[in-house]
Structures are given as C-alpha cells and as structure tokens.
Amino acid sequence: MRIAASVRALEGYVPGEQPKSSNVIKLNTNENPYPPSPAVAEVLRTFDVDRLRKYPDPIFTALRERLAEIHNTVPERIFVGNGSDEILTLAARAFVEDGEAIGSFNPSYSLYKTLAEIRNVPFRPTELAEGFAWAEPDVAGNVALFILTNPNAPTSIRYEDEKIAAFAKDFPGVVLIDEAYADFALKSLDSLAAAPGNENTIVMRTLSKSYSLAGLRLGYAIGPVDLIDALYKVKDSYNIDAIAQAVALAALQDIEWMRANTAKVIAERNRLAGELLHRGWDVPESATNFLFARPPAPHKAADVFKYLRGRNIFVRYFTYPRTDDRIRITIGTPDEMDALVAALDAMA
Ligand SMILES: Cc1ncc(COP(=O)(O)O)c(C=O)c1O
C-alpha cells in the first residue's frame, strides 16, 4: 500500500452536515442566519473576469492593510488563510517539530486532535474543570503548540483574558488563540491580539461566523512578526484567490453590517437561553453564536437530536464522553428559534 501508515490510521475530521434540501432549519454548523454585507454582492456582480487570467496577490496586501487598520496594528503582523482551518494546519507545520506535541483543552474544537494526527505528532488534551471552566493547561510531554479557543467551542464559554495571558507568559511554545466567535462575546477580545511584549501568542479570527461568509473561506491571524513570517514560509503560494480577496475586503469595509447582524444574533441567543432555562435545560452562559444545552431528564441529548432531525431541524450532537449529554444549537432567526422551541414543546 502506498498510503503513509499515519494517514492510513487517520479517522479524519467529520464536518457538520450540509443538507441538500433547503427545507431544513439548519442550526448545526454555527453559520450566520443573515446575509453578508450588500457590498459583497456588489463586488461579485461587478468583478472583472479578466483579473482571473492572472495570479492573485500572494500576500493579499490590500486585505492586510484593512485588517491592520481594524485591529490597530501593522500589516506585517497579519496573515490570511483559506479559512482559519488552513491557519491551524499551517501552525501545526510551522511551530511543531517531529517528536513534539500539540495541546489544547478538552472539550474543544475537535479538529485540533485531527491536526496532530495529520502532522503525526502526539495530541495532549487538558481536561477543562467542572462546568467546562478554565483549567491550567498541562504542557508536559513536549507540547510546542497550545491551541486555545476563546470563547470555547462547543462549550460556548469565554475564559478571562488574564488567565490566558498568565499562561502564555510562562509557556515556552506558541499559544494560538482561536477567536472564531469573538465578535459574539460581550466584550471586545482585541486586547490579546494587540498586546505588546506577547512574543509567543497568535490570535486567529474568521469571516465565517460574524461576517456571514463561511462559504468564502477566509480567516486571519495576528501575531509577532517572526511567527507570522513562519506561516508565510509554509503556505501555498496563492492560498487566497482573487475573488476571495476582493469579497473579503468589501466585507471588512462594512463592519457596521457585521455588528448589526451580531447584535441580532446575541439578542436571539439570550432569548433562546431564557426559553430553554425556563423549560429546565442546563445552558452555560454563551459568548458565541450557539448554545451548548443539556435537556432535562428524562430526555437524552441523543434522542432530542434525532427527534429534531426527524422534524427537519438540524442541530449538532457530539458523541464524546463529556459532550454526549448536550446538543449544540446554532442561533438562527427569531422564526427559526420559535420553530425550535415549538418542536421541543411538542416532544413527548
Ligand atoms: C473554534 C473554531 N475554529 C475554527 C473554525 C473554522 O473556521 P473557518 O471557517 O474560518 O475555517 C471553526 C468552525 O466551526 C470553529 O468552531
């Protein structure tokens, strides 16, 4: 067999289902229920096809300048990836030697484990405390890269910046803070990205959630110049296509649109949390665009998941030991949330 043994042994990451039917209330992959900025549609409508004859800007100059402006930093501290998932892959390539390990919390984004498997290095999870609260990261066993999601997924809980900063200060490896959901947190999380003296910390964001552009595939990282340069060295030459660069720039020029959509999602999140709490569910306080909710006895999360699916309402269910008593519900429109609550109320 010609396939590398480590790849043969791989389970691979299984993304949330993308149903073919449009007759589904889709609350399973943390997409935004509202459309992206009208400026995005305008760019696509007027895009000069002749530009596709040539290669795109390999270092996405205009995008980096705009991102630097937004985050009050310089373009040299910014990297852009084909989704933040690509940045995670590149970080595993750039910051981990053979024989070193990748760490993260458990539960967290399950792709991190797969990344370690693909990179063929050990994965060393640190169990979160009771209630998915912060635990001191265990970096024994040669952990060179610790990936930390804040606010965390799928738990929806936000950690305090001070705890992360204190850990990063003493950790000799690279800390990658995955802030995919930061725009839905109550307070801005910009401080860590901009913190001077942070020599080992990279903060990563995505346009997939708050900017309603999951289909575009665009994420970015902010960090010290030497770490950012390392990501450039290991990326594909043209990792962001010309259309994606133009579309992302337009979206990033209309932050007000993103903020307005985010505010609607947050309001709906808080309303749904109230509805579920009122019905006896356990719902940790969410700083994201989803809830990680445990149904009251005698209901089992797996059964609720199946029941909702039977009614064309798709949520996410993770079969891991600490997550299998909950479902993860992406926040949709008020109508979608009403339909969800009505379905739950009709559950036998
Ligand atoms: C914690 C976390 N990081 C990263 C991603 C992937 O983001 P992107 O669409 O930018 O690749 C997700 C997507 O669900 C996520 O939940």
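These legends walk you through close-up views of a predicted model.

**View 1. Seven strands line up in an open sheet.** Let's start with the sheet as a whole. Reading across it, the strands come in the order S2-S8-S7-S6-S5-S3-S4, and their pairing is mixed. At the two edges you will find strand S2 (78-81) and strand S4 (123-127), each of which pairs on one side only. From one strand to the next, the twist averages 25°. As a reminder for this view, strands of a sheet pair through backbone hydrogen bonds, either parallel or antiparallel.

**View 2. Strand S8 is joined to S7 and to S2.** Now zoom in on S8, which covers residues 219-222. How many bridges join S7 to S8? There are four, and strand S7 (residues 201-206) runs antiparallel to S8. Four bridges also join S2 to S8, and this pair is antiparallel too. Try following Tyr-220 in S8: Arg-205 stands opposite Tyr-220, and Val-80 also stands opposite Tyr-220. Another pair to look for is Val-203 with its bridge partner in S8, Ile-222.

**View 3. Both faces of S8 are covered.** Stay with S8 and look at where its residues sit. Gly-219 and Ala-221 lie on one side, while Tyr-220 and Ile-222 lie on the other. Are these four residues buried or exposed? They are all buried.

**View 4. Helix H8 packs on the sheet.** This helix spans residues 225-234 and touches S2, strand S6 (174-178), S7 and S8. If you compare directions, that of H8 makes about 30° with that of S2.

**View 5. Helix H4 is mostly covered.** H4 is made of residues 84-94, and nine of its eleven residues are buried. Which residues of H4 are buried? You can pick out Ser-84, Asp-85, Glu-86, Ile-87, Leu-88, Thr-89, Leu-90, Ala-91 and Ala-92.

**View 6. A shell of 13 residues surrounds the ligand.** The closest of them are Gly-83, Ser-84, Asp-85, Thr-206 and Ser-208. You have already met Ser-84 and Asp-85 among the buried residues of H4. Sorted by class, the shell has four nonpolar, seven polar and two charged residues.

**View 7. Two domains meet in the protein chain.** Domain 1 takes in 12-35 + 256-345, and domain 2 takes in 38-254. Their C-alpha centres lie 24 Å apart. Domain 1 brings 27 residues to the contact, and domain 2 brings 24 residues. On the side of domain 1 that touches domain 2, helix H10 (255-278) and strand S9 (290-293) each supply at least two residues. H10 gives the most to this side, with seven residues. By class, this side of domain 1 holds 14 nonpolar, nine polar and four charged residues.

**View 8. Glu-336 has its place in helix H12.** We finish with one residue in this helix, which runs over residues 334-345. Why does Glu-336 count as partly exposed? Glu-336 falls in this class because it has 18 C-beta neighbours inside 10 Å, whereas 20 or more would make a residue buried and 12 or fewer would make it exposed. Leaving aside its neighbours within four places in sequence, Glu-336 is in contact with Ile-25, Leu-27 and Pro-33. You can also look for Ile-313: this residue is 23 residues from Glu-336 along the chain, and their C-alpha atoms are separated by 9.0 Å.

Methods: Residues are numbered from 1 along each chain as its sequence is written. This is a predicted model: local features need pLDDT of at least 70, side-chain atom pairs count only at pLDDT 80 or more; totals for chains, interfaces and linings use all residues. Two strands pair if DSSP finds at least two bridges between them. Axes are lines fitted to C-alpha atoms, for helices over the stretch in contact, and angles run from 0 to 180 degrees between N-to-C directions. Two residues are in contact if their C-beta atoms, placed from the backbone, lie within 7 Å. A residue is near a molecule or strand if its C-beta atom, placed from the backbone, lies within 6 Å of it. Ala, Val, Leu, Ile, Met, Phe, Trp, Tyr, Cys and Pro count as nonpolar, Asp, Glu, Lys and Arg as charged, and the others, Gly among them, as polar. Domain bounds come from an automatic or database domain assignment.
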